[in-house]
Amino acid sequence: MRFYRTFFLSIFYELSVLGLLIGGVFMRSDWVSSDIMGHILAALTEANRLAILVSLTTGLRISDVLNLRTEQLCNRFTITEQKTLKHKLVVLSDNLLDEL
């Protein structure tokens with residue numbers, strides 16, 4: 001539990017540095033361009049960047065991403081989502097696997 005708190009505090013700090021979190025409240029936006037998302041990802045620490053990339057490309061919640069084990073990571077695998085207990089097929093690209 002302590003790891004999650006540290007992880008989210010570091011994400012909130014990095015978002016506030018980027019001006020995307022003001023006074024503890026997220027600024028709302030309809031979409032984020034790929035250029036801006038690239039800047040956001042570049043500003044994150046390596047571990048946070050990889051976790052966010054996996055979440056963005058797979059649609060998994062960050063809690064499910066953080067619970068993945070190294071031995072699970074391959075092109076295709078199934079997980080049970082923590083919140084819904086649904087089984088989900090996850091597909092990772094070769095480029096993302098190389099980064100992980």
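The exercises below work through the fold, core, hairpin and one buried acidic residue of a predicted model.

Residues are numbered from 1 along each chain as its sequence is written, and side-chain values use heavy atoms, without hydrogens or water. Local features need pLDDT of at least 70 and side-chain atom pairs count only at pLDDT 80 or more, while totals for chains, interfaces and linings use all residues.

**Exercise 1. State which pattern of helices and strands the protein follows along the sequence.**

Step 1. Helices (H or I, at least four residues) and strands (E, at least two) are taken as DSSP runs, numbered from the N terminus.
Step 2. The protein has five helices and four strands.
Step 3. Their order along the sequence is α-β-β-α-α-α-β-β-α.

**Exercise 2. Identify the residues with the most contacts inside the largest nonpolar core, and the elements that give two or more residues to this core.**

Step 1. A nonpolar core is a set of buried Ala, Val, Leu, Ile, Met, Phe, Trp, Tyr and Cys residues joined through side-chain atoms within 4.5 Å. Buried means under 20% relative accessible area, exposed over 50%, and partly exposed in between (1.4 Å probe, protein chains only).
Step 2. The largest such core holds 15 residues, and V65, F77, I79 and V90 have the most contacts inside it.
Step 3. Two or more residues come from each of α3 (46-58), α4 (62-66) and β3 (76-80).
Step 4. With contact taken as heavy atoms within 4.5 Å, V65 touches A51, V54, S55 and L60, residues up to four places away in sequence not being counted.

**Exercise 3. Describe the two faces of β3 and its pairing with β4.**

Step 1. In a regular strand the side chains alternate between the two faces of the sheet.
Step 2. F77 and I79 form the covered face of β3, and R76, T78 and T80 the uncovered one.
Step 3. Strands pair if DSSP finds at least two bridges between them; five bridges join β3 to β4 (residues 87-91), and the two run antiparallel.
Step 4. Bridge partners in β4 include V91 for R76 and H87 for T80.
Step 5. Six residues separate the strands of this hairpin, and L85 in the turn has a positive phi of about 60°.

**Exercise 4. Determine which side chain of opposite charge is nearest to D64, and list the contacts of D64.**

Step 1. D64 is in helix α4.
Step 2. Lys and Arg count as positive and Asp and Glu as negative, with His and the chain ends not counted. A salt bridge requires a side-chain nitrogen of Lys or Arg within 4 Å of a carboxyl oxygen of Asp or Glu.
Step 3. D64 is buried yet has no salt bridge; R61, the nearest side chain of opposite charge, is 4.6 Å away.
Step 4. Apart from neighbours within four places in sequence, D64 contacts I79, T80, E81 and Q82.
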